[in-house]
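I opened the model today and kept notes on what I looked up. The entries follow the order in which I went through it.

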Amino acid sequence: MAAALAPPGPRLALDLGLESVLREAVAAVDRAGEGLVAALGAVRAALAAAGGPATLGERERALFGALLRRLAWAPGAARPEGLWQCCFLEGPPGLVLCVLLEALGSAGSGLDPREVVGVLEQFLQQGRLSALLWEVCQPQAQAGCLELQGALLNKIVCLPEHVSNKLQGRNPPVFFPQNYFPLLGDAVLQVLEKISDSLRGGLDCSISFVSHVLGKVCVHGWQKEILGVLVPHLTDLTKLDCIWQRICWQLVECVPDRWMEAVVLGFVQRAPGADVLSRLLGNLVVKNKKAQFVMAQKLLLLQYGHTTAVLQNLLGYLALDSGRRPLLLRVLQDLLETWSSSSAVKHSPAEQQLYISKAILICLSHLKEPEIASCRQELLTSMMEGVKCHLESSLPQLRRLGMVVAESISLNINTEGPVLKFEYEEDDETRELKSLLVQTPSFCVVPSLPDDDRSEKAGAALPLVPERNEKSYTAAPVKADEESDAELDSDDDLIPYDMSEDKELKLKAPMYIRDCIEVLTGSRSEDVDKWEATVKALESLVRRNPAATREVAKYLTSQFYSLNYSLRQRMDILDVLVLAAQELSCPKFHGKTKHSGVQKPCIQLLPESDSSKGWRRIVEERIKSKTRRFDMGQSRVELASCPNEFNSVAGHFFFPLIQHFDRPLTTFDLLGEDHLVLGRLVHTLAVLMYLAVNTVAVTAMGKALLEFIWALRFHTDSYVRQGLLSCISSLLLSVPTEQILADMTEELLETQSWLGDVMEKDPDGDCRRLALQNLLLMENLKRKLEAVPS
């Protein structure tokens, strides 16, 4: 068998000529006779003598393709085992790949799919993929048909899909995408090395096909796999070699515009630092309009899911070359325009605001003093507008972001005078933001690290604020010690009067709640002692007289819409109503315990702020302190059988608050600029609705609440929308199912449609989550009804 597979001597092959040898082999396959083994051996010998498949002319390539197709479609008995595989592996790689994939996808092929995949696997393992890429890079190949190159490109990039589709997923490991595309990356590196050698030898070749392969692989979503191989090697090769730098620049510049975004993003994500990115991309952002749009606009203003390391790479790349620095200034202006836009603050999610804030601070860290001086007025204007719209936000996170960014801008534009300083509690987020003001050395930027680790390392290595500005970091000047000494009291030598025999006069505390209200609403400063006695007596008066609860609820709800109250006081009224309703709705605890896995559902009262966290902590501690626990099983305190005291007053809490929300006052407009209080009101109504479960007024409250929700469902403030969605959750949990179906069916169908739109389109992540939660609640109600026998 070995003798039969051995090719004849080279003299015979050369005498016959490659073209005639190929014709004879095609005819031998058609005859399926004994001469096929010798004919195929002659083809191998003639091909080797001619210098390999790269030397084939147009006619020889056409004949070789016909030979391969004859072999692929011939019956199994007509193909000499082992010899026909050698013809495929030694032939022109482009033709071989095309014929094998044709045979794989054709039902009339004489080859079994497993046989084809076996040859393809050897094709990859023997490095024929790099030979294929190098073949297309030759000048004569570039002059050929572009359609054929496009077909070849698709076959190279989609090879794992072709094999997997035919074998229904049972393909060899080499065709798994996580294995194939790193292999393709190695082939690209080998071709780039040949291109480098050719350029040094003065020979011409093209890199465009390799760029097309890179672009199509990246746009298919395999940037990590192929660039994970390319970027580390190219990083080392471009350190001291200008030819390799030019090769890298050409590699990305020749990527078609339709694939440029995927390639640029892949390099920005995988580069270990801004200096490396600058070596790999060169001035691509200046030369290519598509790359400029992606890097200067899309990645910064239209997307917000990238890591801090990506932002540092991208903005550091713009700052590293004088030809790119004007783009850095333009990017900063665009970012500040978005950051200072009240519409953007209202309609974009908090994650995007944080992303933009990080980008602004990184830009500021790269600015030089002359550049700051050239745009100082624009920075100041943007700072004033941006901090205003951020402080008006209902979300504490956005308000804190506005403060941090405004402080940072002020620190950079006022290098000698006083700077802005706000009071806020620092957390990990604010510390990370401030650390971005200090440039991190490029060799420390590791994109694979999580953001939290990066911020901790940066904060540990470098100070948060440059030393030159530490003394000017407070806006208010400090008075000199001499000035304060001059104001010292000169009467220190007087002897104090002996008051040891004096007795404190005890004021008579009010006996009725109405008297307490009159005292507390009075404005006379001489009644401080009486005011204090009233405050001490008020709680006991309210608790001793259950009927008084109704009186206090009416007073507080009427005062919420009264004049001459600050926004803080109105929110305090809402807090008091919520805590009172909670206490009234919770039965007194009894000493016995009952084991149960049921947990009481909870609802968020306030936005994510210190007050809301404190409220939840107080409630949890109060429940925990009154709960007796045993060693075995999960336990809860059994509630005593007593009436729900909230039942008789629920309407007095709820309906006055919901009646006048659309009536603006001179100093109070819920539907205007006071949307923070509107958000707190909506959340308060959600809590009252939840606590009204099993009360007489719950159905009427639910119907009124649905009308209220429908009027405000398109509100621009995300905190208000979160409250409205919480109201729907409370309604579904509190109103009996049969009452919902009897009185609110049409309204709930409209609400369900709206919830679907919110879940798909709302920019706020919490709103989308709450909408999904409500849809699931509705689905559960539907299943319960279907389970009940008619």
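**Entry 1: Trp134.** I began with the contacts of one tryptophan. Leaving aside neighbours within four places in sequence, I found Trp134 in contact with Val191, Lys194, Ile195, Ser198 and Cys205. Trp134 itself is in helix α9. I also looked up its separation from Gln190: the two are 56 residues apart in sequence, and their C-alpha atoms are 8.8 Å apart in space. I note here that the model is predicted, and I read every value below with that in mind.

**Entry 2: the whole chain.** Next I stepped back to the totals. The protein chain has 42 helices and two strands. Of its 790 residues, 47% are buried. I then looked up the contacts with a separation of 6 or more, and residues 24 or more positions apart account for 75% of them. The chain exposes about 40,700 Å², with carbon and sulfur atoms supplying 54% of that area.

**Entry 3: helix α8.** I asked how far apart the end C-alpha atoms of α8 are. Helix α8 covers residues 113-125, which is 13 residues, and its end C-alpha atoms are 18 Å apart. At 1.5 Å a residue the expected span is 18 Å too, so the two values agree.

Then I looked up which residues of α8 are buried, and wrote down Val116, Val117, Val119, Leu120, Phe123 and Leu124. They cover an arc of only 160° around the axis, so they sit on the same side of α8. As for what they pack against, I listed α6 (83-90), α7 (93-105), α9 (128-137), α12 (159-167) and α13 (177-200).

**Entry 4: the two ends of α8.** At the N-terminal end I found a cap, Asp112. One of its side-chain oxygens lies 2.8 Å from the backbone nitrogen of Arg114. Just after α8 comes Gly127, which takes a positive phi of about 75°. Gly127 lies in the loop between α8 and α9. Its relative accessible area is 30%, so I put it down as partly exposed. I also checked Gly127 against Ala187: they are 60 residues apart in sequence, but 7.4 Å apart in space, C-alpha to C-alpha.

**Entry 5: helix α6.** Since α6 was on the list of packing partners of α8, I looked at it next. Helix α6 is mostly covered, with six of its eight residues buried. I wrote them down as Leu83, Trp84, Gln85, Cys87, Phe88 and Leu89.

**Entry 6: helix α11.** I repeated the length check on α11, residues 146-157. Its 12 residues reach 17 Å from the first C-alpha to the last, close to the 16 Å expected at 1.5 Å a residue. Its buried residues are Gln149, Leu152, Leu153, Lys155, Ile156 and Val157.

**Entry 7: cysteines.** How many disulfides does the structure hold? I found zero. For my own reference, a disulfide is a covalent bond between the sulfur atoms of two cysteines. I looked up two cysteines anyway. Cys98 has a relative accessible area of 18%, and the cut-off for buried is under 20%, so Cys98 counts as buried. Cys218 is buried with a value of 1%.

**Entry 8: Trp249.** This tryptophan is in helix α16, residues 242-253. Is Trp249 buried or partly exposed? Its relative accessible area is 25%, so I noted it as partly exposed. Not counting residues up to four places away in sequence, Trp249 touches Ser278, Arg279, Leu280, Leu281 and Gly282. Trp249 and Arg279 are 30 residues apart in sequence, with 8.3 Å between their C-alpha atoms.

**Entry 9: Ser585.** I found Ser585 in helix α34, residues 567-585. At 14% relative accessibility, Ser585 counts as buried. A polar atom of its side chain lies 3.1 Å from the backbone oxygen of Gln582. Beyond four places in sequence, Ser585 touches Asn644, Phe646 and Leu691.

**Entry 10: Asn694.** My last entry concerns a backbone angle. Asn694 has a positive phi of about 65°, although it is not a glycine. I located Asn694 in the loop between α37 (675-691) and α38 (698-712). Its relative accessibility is 70%, so Asn694 counts as exposed.

Note on methods. Residues numbered from 1 in each chain as written. Predicted model: local features only at pLDDT ≥ 70, side-chain atom pairs only at ≥ 80, totals over all residues. Heavy atoms only, no water. Helix = DSSP H or I, 4+ residues; strand = E, 2+ residues; numbered from the N terminus. Expected span 1.5 Å × (residues − 1). Buried < 20%, exposed > 50% of the residue type's maximum accessible area, 1.4 Å probe, protein only. Arc of directions from axis to C-beta. Contact = heavy atoms within 4.5 Å. Polar contact = N/O pair within 3.5 Å; in protein donor to acceptor, adjacent residues only side chain to side chain. Areas by Shrake-Rupley, 256 points an atom, 1.4 Å probe, with all protein chains shown as cover. Disulfide = S-S within 2.5 Å.
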